[in-house]
Amino acid sequence: MCATTSFCLKVWPCHGAAPPFLPIFAQTISPRPQCRAPTTPLTDLSTAITYLPGVGPQRAKVLEAEAGIRTFGDLLHTFPYKHIDRTRLYYIHELTADMPFVQLRGEILSYEEDGAGRKHRLTAHFTDGHGVIDLVWFQASAIKWIRSHYTVGRVYIVFGKATVFNGRLNIPHPDIEPADSLQLSAMAMQPYYTTTERMKKAGLNSRSLERFTSTLFTRFGADMEAATRETLPPDIIGSLHLVARWQSLRDLHYPPSAEALRRATYRQKFEELFFIQLGILSYARQRQQVARGYVMATVGRQFNTFYRDHLPFALTAAQKRVVREMRHDMLTGRQMNRLLQGDVGSGKTLVALLTMLIAIDNGYQACLMAPTEILAEQHCQTFRSMLAGMDLRVELLTGAVKGKRRMEVLAGVETGSVHILIGTHAVLEDCVTFAQLGLVVIDEQHRFGVAQRARLWRKSTTPPHVLVMTATPIPRTLAMTLYGDLDVSVIDELPPGRKPVETRHYWTETLQTLYAGMRREIGKGRQVYVVYPAIHESEKLNVQDLENGYAEMQEAFPDVRISRVHGKMRPREKDEEMARFASGETQMLVATTVIEVGVNVPNATVMVIMNAERFGLAQLHQLRGRVGRGGEQSYCILVTRYQLTTETRRRIDIMCETNDGFEIAEADLKTRGPGDLEGTQQSGMAFDLHIANLARDGQLVQLARDTASALLDADPDRTLPQNAPTWARLAELRHDQFDWSNIS
Ligand code: ADP
Ligand code: MG
């Protein structure tokens, strides 16, 4: 059923990347109909922008290239990034330097010029009858223009931001308009539009765009309104008290009040998120109908034997719950697509093993993919030792497995004598053929690209059940959007007896104290990681590097056995060094972030991160997760130099305050924005929300999802007439996506 690539790509990639139709939502509120010349006086959304007064061919070119504005509709959907409230006039005596932009009404008493050249300055003494304030200009050209245009004694509206200069309040470079010839936006909420350098060079600043939208609404408003269809069903609009689509579009540009702007923004954000969720959910439901999965009804000998005789410790309640959730998935006859989130050290591996045993009990093979050879090998060892004495064959397949050994493994996989295959992307190679692949577990998925996963898909005629495990915590709102079609399980509990890792901040200048602490831990028989941001010295980065750091550590710890691991080493060497550290032969591991993911050495209790300011929150948290895996108190030491930006300071503080991966991920999402989040970028997610913000609009994401879900429940066959425009809009968005994918 799933033999073709195109089908694979449709069903598969939602684990890491946006489902294939997602990028359309970049255009949720920016439809791109074909341009057409208006043949009748009636204009609509597809009317070319050149028909707007003031936009000639030159400017049209710039508008299209820089802002994607080709049609009236595009302009309508180019929302201002902020408004400034010009509905209120202030008195001069009310002003303070921390106020935003303000408006004053009054007259210029006199001008005063002083300085020359770059210091040339024009001051206008301005009064509103209640006080006097100076308006100041610095550029010679501005000065000339101001003096010739604004006369003493006439009444003006002055608009600007008060600042303190030489101990006195003044307003540098204000906007001035005669009080008797106000523009549309004066005395209203004035829109500000984003423009680029190139636009500015072509004379297109925010004010020009303001003139365009103003013309759009005053000259063509009625036509545009007639051409704008409502996209949400009436009952959703009613129950959520949303403003109508046209009104929200208009108010986003020219709101009569701050409240109107708030409601318009809310409506547009909701719409944007709603169609994303409707797309994801309807897709997921379709897939459930289409993609049948293997029925794994038996929990049999292998699972029970392991559970009874081999389980090294009692499962946590969270682990039990998650195993139950997966057992249920595998029974239904639907293909399981589950994302397992659990903080570092929460015990995901064991859960994966139990799930694999269910597959084996039902006559299937299972496969585990890890992002690195080190990790694959470590999983293999763990599995073999846990399953020792049980009649199960666990094999490793990485790039390092060669020659005769490789042939044996491949043959075993093909005949079915290998029950569990563990590997890196080597398991994706075409020469790997499974007898009966029933379950695929992908560990730390964000390292796997879409194409790689699609290849694995082809290894089986019926789609295997899929379990994607990640410790990179994904905030709920992002998960709902990125992995919206996956079922999510969460291990929200650490195994008992773990002591939370203590995190401390050290300055580079106080390393000696740190070294003393490290010596104490090593003296107690513990092991230590030291992580550097770079391998080699570099003038440009000015950070500590592993090569120098290694020499420094050798000098500071002459009697300590030190390993060194970095990404440029040959895999074989790297693995040998890792193995030496894991076995306790070496006591210190100096490394780059290659050890970031998954490595498990419970005896290591100290994680020192040099130049911690160079790392993102998610990365710091992953690194910290390498310690605190045994019963001993562990420490994470963030070393930075003295001068830190506020942003870095905040990151360090968050790390020191909390061990909760989800809290950290939320903070990360808030400061960096979803596009930046580690993992999401690697997965090639093109996520371009126009107005909604996944970090700030979390509750709205949930509301959008619930509303979309209810709509699908109420109208599964899409036949209710009141929903017709909504389904049409969804189809339109998908269709746009189709074009988009053909182009790129
Ligand atoms: P992660 O979720 O980060 O992949 P692991 O699966 O590597 O975590 O587990 C971390 C450590 O916790 C391992 O040493 C594992 O053996 C141990 N562990 C897992 N489950 C339990 C449990 N229920 N009780 C005690 N220790 C456990
Ligand atoms: Mg793991």
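Author: A polar contact is a pair of N or O atoms within 3.5 Å; within protein, one must be able to donate a hydrogen and the other to accept it, and residues adjacent in sequence count only if both atoms are side-chain atoms. Welcome! This is a predicted model, where local features need pLDDT of at least 70, side-chain atom pairs count only at pLDDT 80 or more, and totals for chains, interfaces and linings use all residues. Residues are numbered from 1 along each chain as its sequence is written, and side-chain values use heavy atoms, leaving out hydrogens and water.

Reader: What makes the pair between Thr-349 and ligand 1 a polar contact?

Author: A polar side-chain atom of Thr-349 lies 2.6 Å from an oxygen atom of ligand 1, and the cut-off of 3.5 Å is met, so the pair counts.

Reader: How do you know that Ser-346 has a polar contact with ligand 1 too?

Author: One of its backbone N or O atoms is 3.4 Å from a ligand 1 oxygen atom, which is within 3.5 Å, so this pair counts as well. As for cover, the protein hides 85% of the 570 Å² of accessible area (Shrake-Rupley method, 1.4 Å probe) that ligand 1 has on its own.

Reader: Why is Arg-245 called buried?

Author: Buried means under 20% relative accessible area, exposed over 50%, partly exposed in between (1.4 Å probe, protein chains only). Arg-245 has 8% relative accessibility, so Arg-245 is buried. Its contacts (heavy atoms within 4.5 Å) include His-77, Glu-230 and Arg-729.

Reader: What is Leu-387 in contact with?

Author: Setting aside neighbours within four places in sequence, its contacts include Phe-306, His-310 and Ile-420.

Conventions:
Chains are lettered from A and ligands numbered from 1 in the order in which they are written.
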